[in-house]
Structure formats: C-alpha cells, structure tokens
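Visitor: Please take a close look at the loops of this protein, and at the residues in them that deserve a comment. Put them in the setting of the whole chain before going into detail.

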Amino acid sequence: MRYAHEVGKVRAAESALMARLPDGALMQRAAAGLASVCARLLPAVYGSRVVLLVGGGDNGGDALYAGARLARRGARVHAFQAGSTIHEGGLDALRAAGGRLLPGAEEGEIAAADLIIDGLTGIGGTGGLRDPHARYAALASASAALVVACDVPSGVDASTGRVEGAAVQADVTVTFGTHKPGLLIDPGASHCGVVELVDIGLGPDLPDPDVVAPRPADVQPPEPGPESDKYRRGVVGILAGGDEFTGAAVLCTGGAVHGGAGMVRFASVAHPVELVRHRWPEAVTTVIEPGPHGAEVLERIGRVQAWVVGPGLGTDAAAESLLEAVLTTDLPALVDADGLTVLSRRRDLLRRAAPTVLTPHAGELSRLISADRADIEAARLEHVRRAAAELSATVLLKGSTTLVAEADRPVRANPTGTPRLATAGTGDVLSGLIGALLAGGLPALDAAAAGAYLHGLAARLAAAPTPGAESPISAYDVIEALPAAFRTLAH
C-alpha cells in the first residue's frame, strides 16, 4: 500500500522528529532527496539550467538547499522569490554554491530552463494561488522544462486534492516522509506527474494513514483451492435490467462471470433473461413476472452468497420491492444505478447488519446525502467519508479517482482509473465484478477496492494491448480484458 497522511499528522510527526535531530537536519534530508531526484532527471547536471521558484515557507527552503547541491555539481541555478520573505539559510547556501537570486526577467529564464523546481507553497497551502505565485505557476506549467514539485504541486491542497484556480502542472513530484492524500486524489493527482517518495525518517512518528492506494500485491481476489466447487467459489445473485435497459443485464452478468464467480444466478423480466441466456449460457436464469413481489422472487432464484441489485432495473414499485427484499436478507449486497435512486427515497432500507456496498457517481451520491453535485466533485474525499458514515455502508464513489470508504477506516484511492472508462455500461461491469468478489468471501471494503483496481486495469489493458497503441473501448471490451487483469496479480 501507499500510505497518505493529512497535513496535521505530517506536521506533528515532523515536530516529534525534529525534537530529536540537530537544527536543520530534517530540511537537509529533504533537500538531499530532492536534489538526487533532480540530478537523475537531467541528462547531465554540469552545465544544466535550473530555475527555483521559491516562497517563504519550508518548501522554499528545501528548493534552495537542493539548488545549492545542484550548483555545487556545476548546474547554473537561478532562483526567483515569490512573496516578501525567503528562507535565509537556504538562500545563503545557494549563493555560497554559486547560485543567484534574480530580481526579474523571470519569463526568459523560466522559458530557457532545463529543469524547474516548484517551491512556491508548502503542504499547508489552501485555497487558490494569488499573484505572484499564480503567475509563476502558469509560467512553469507552460514551460518546456521538466517541472519538479517540492512535496506537493503549488496550488494543490495536500490533504484533499482540491485545486482552486491556478496550480503548477508538474512532471515529477518529490514528496517527503509520506504521501499526502492530495497526491492520490484528483484533481490534485492529475497535477503531480510521477510521484517520488523520499524517506526522511518520519515512519515511527506517523499514526494510521488517512488514505491508502493499493499496489498489485495488495489486491488479492479469492483463489479456488483443490476442494473448490462452484458453490464454494461463490454464487452471486443479480437483479438487473428491464425491458428498457437490457444492456445493463448483459454487462453486469458478464462482469460477474469474468470476475471469478463460481455461479451467477440472474433474474429479470423475460427479454433481458433471453439476452443473458444467449450471451452467458453459464448463468442460471429466472424470469420475473411484472409487478412487485420481491420476496417470492428471491425464493425462486435459489441460494446465493451475495446480491447485486439495481443496474437498469427501473425505479418503480416492482424495483423497490426487489431492493427491499434483498436488503432485508442477511447477505452482502451491492446496490448500483437505479437501485441507488430507489434508496434515495428509501434510506430506511440501509438499516441492516449485513455488509452493503453502494457504488454511486457524484450525481447519485448527491441524491443520497442531499449534497450539491459540484461540491462533491470539488471535495470528493470529504463527501465519500460523510456518505460512508451517514449511510452506514461501504461507499465506492466513481470518478476520475475512484474512492472507497467505510466509517473509521482509511479511504482507499484507486490508482488504475482511466478516462477510457467514461463510456456507457462500464459501471454495470464493475457492479457484477464486485458482486463476484463479495460472493467469493472478500469483506466489503476489500471487494470494492479490488473490483475498482481490476476494473481500471482491465480498461487500460483493453485500450492499449500493446504499449503506445491506445484506442477507444466499450464496456464489453472491459469484460473481455478482466482475465488478463487478474493474471497481472499472479505472484
């Protein structure tokens, strides 16, 4: 896992460590790591043109000390000051190494640079950048130089990933001690480029993380053993599709079939059942007669280990009856799409002891928790936490960075997402996939996070089966790529 801590926890850990170290030692550790990464990025340090953009905080000091190290190796290092103060010790070190603080002509210097170090603001910066910081951020982002952000790109909220106005667009972000949530969550994550973590010794002083991002070794879907059969591997029941939205039925079932379910039991009205039988003959199907008789339907479907309900199901009385029947069982359940719309008017159905996974996009979540969609998009971390606590469920918030939250647990940020998933039906595939993982015995948080990871990875594999040859994809392409995504996890 990549562990991320919010700013308050980082500050407390830094203070505890600094109390045990000589004065300035922690900044020197950070500067050494920053300079080392910059040196690796340059074809040659000697003779290279390096520009430092420095504010008055500690990140400005880190940039100045790193610049001094590069200057001692023969780089031509010029610094530009934003604001009224500057780290005097760092500036003295830069000048002693041959670097210079320039009073103006920054546009030409920045345009001619080989590498720019962004030390304009630190991890405590919130809100939008103001001039001159905003102007420097724009110049750096427009430059052809490699841009290296110090700890977090200026203009990105380190704790949340919020970006309000101008922000540095970095090629590489060198962060110190631990990741910060804003490096893992869009829109901030999209400003970071490649993130390099420099160990400065904070580990023993850091508490539990606020956000984690899984690595391949952390994603462990259920594996069949020598005694496995289709029932031991997990039977997932799917209630999806209707006469109007037949594709959701086929795609959700496909996600479960290729997601490792031992058996898929699918139920809907006649036409979606016919289509599922044709495309997924391994699914066991049940035709539901029109009308609200949910409990009777569940009895006819048979034994399952988890339920998926909602994709394409409709929002009428019949759909509500099915959702109520599922949520009054003692089995894990995933609710998506139309099921979430029903839940927005029947939140009482969430009062259950069994695990519940909700998979909304921002618009669906806005109805569930009575929040503005734009506010959710701007502060995804805050709202997914609120939803998990308020709804007493595992909440997977879809989007450019998919977040998975449970109350009193670190939020999981999915690192495999891709804009290629912004196409109709991919959410239905995800629901079936997570349902299969739930039926296989994974806890709700693990199933949702693993499903998001595999779903994103499958989309990437489908879009670029060979490196550098990315192409548009459909939801069905994601289904077909799921086996390849699972194979990447083989240890």
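Guide: In this predicted model, the protein carries 42 positive and 54 negative charges, and the mean positions of the two sets are 4 Å apart. The accessible surface is about 19,500 Å², and carbon and sulfur atoms make up 50% of that area. Of the 491 residues, 55% count as buried.

The loops connect elements of a fold with 18 helices and 18 strands. Its radius of gyration is 26 Å, close to the 23 Å that the globule rule gives for 491 residues, so the protein is as compact as a globular protein of that length. The C-alpha trace spans about 80 × 45 × 40 Å along the principal axes. Among contacts with a separation of 6 or more, 69% are between residues 24 or more positions apart.

Now the loop between β6 (146–150) and β7, where Asp 151 lies. Asp 151 has a phi near 75°, a positive value in a residue that is not glycine. Most residues other than glycine have a negative phi, and most peptide bonds are trans. Is Asp 151 buried or exposed? Its relative accessible area is 3%, under the 20% limit, so Asp 151 counts as buried.

Val 156 is also placed in the loop between β6 and β7. Val 156 has a relative accessible area of 3% and is buried. Leaving out residues up to four places away in sequence, Val 156 touches Gly 125, Gly 161, Arg 162, Val 163, Ala 167, Gly 182, Gly 188 and His 191. The C-alpha atoms of Val 156 and Leu 129 are 9.2 Å apart, with their positions 27 residues apart in sequence.

Two loops contain a cis peptide bond before a proline. Asp 131 and Pro 132 are joined by one of these bonds, with omega about 5°. Pro 132 sits in the loop between β5 (115–119) and α6. The other bond joins Asp 186 and Pro 187, again with omega about 5°. Pro 187 belongs to the loop that runs from β7 (172–176) to β8 (194–198).

Helix α6, which follows the loop of Pro 132, supplies one ring of an aromatic pair. The protein has two aromatic pairs by the rule used. In one of them, the ring centres of Phe 80 and Tyr 136 are 6.4 Å apart and the planes meet at 35°; this angle is neither under 30 nor over 60 degrees, so the pair is tilted. The pair links distant parts of the chain, with Phe 80 in strand β3 (residues 76–81) and Tyr 136 in helix α6 (residues 133–142), 56 residues apart. Both partners are buried: Phe 80 has a relative accessible area of 1%, and Tyr 136 has one of 5%.

The loop after β8, leading to β9 (211–213), holds Ile 200. Ile 200 has 3% relative accessibility and counts as buried. Apart from neighbours within four places in sequence, Ile 200 is in contact with Leu 17, Leu 26, Arg 29, Ala 30, Phe 176 and Gly 177. Leu 115, by contrast, is 23 Å from Ile 200, C-alpha to C-alpha, at a sequence separation of 85 residues.

Further along is the loop between α12 and β15, where Asp 348 is found. With a relative accessible area of 31%, Asp 348 falls between the limits of 20% and 50%, so it is partly exposed. Its C-alpha atom is 15 Å from that of Ser 370, 22 residues away along the chain. In helix α12 (residues 338–345), the buried residues are Asp 338, Gly 339, Leu 340, Val 342 and Leu 343. They pack against α11 (317–327), β14 (333–335), β15 (356–358) and α13 (362–369).

Last is Ser 392, in the loop between α15 (380–391) and β16 (394–397). Ser 392 is not a glycine, yet its phi is positive at about 50°. Its relative accessibility is 56%, over the 50% limit, so Ser 392 counts as exposed. Asp 151, the other residue described here with a positive phi, is buried.

Terms used
Residues are numbered from 1 along each chain as its sequence is written. This is a predicted model: local features need pLDDT of at least 70, side-chain atom pairs count only at pLDDT 80 or more; totals for chains, interfaces and linings use all residues. Side-chain values use heavy atoms; hydrogens and water are left out. Helices (H or I, at least four residues) and strands (E, at least two) are DSSP runs, numbered from the N terminus. The radius of gyration is taken over C-alpha atoms; the globule rule is 2.2 Å times the number of residues to the power 0.38. Buried means under 20% relative accessible area, exposed over 50%, partly exposed in between (1.4 Å probe, protein chains only). Contact means heavy atoms within 4.5 Å. Accessible areas come from the Shrake-Rupley method with a 1.4 Å probe; for residues, only the protein chains shown count as cover. Lys and Arg count as positive and Asp and Glu as negative; His and the chain ends are not counted. The place of a charge is taken as NZ of Lys, CZ of Arg, CG of Asp or CD of Glu. Rings of Phe, Tyr and Trp (its six-membered ring) pair if their centres lie within 6.5 Å; planes under 30 degrees apart count as stacked, over 60 as edge-to-face and the rest as tilted.
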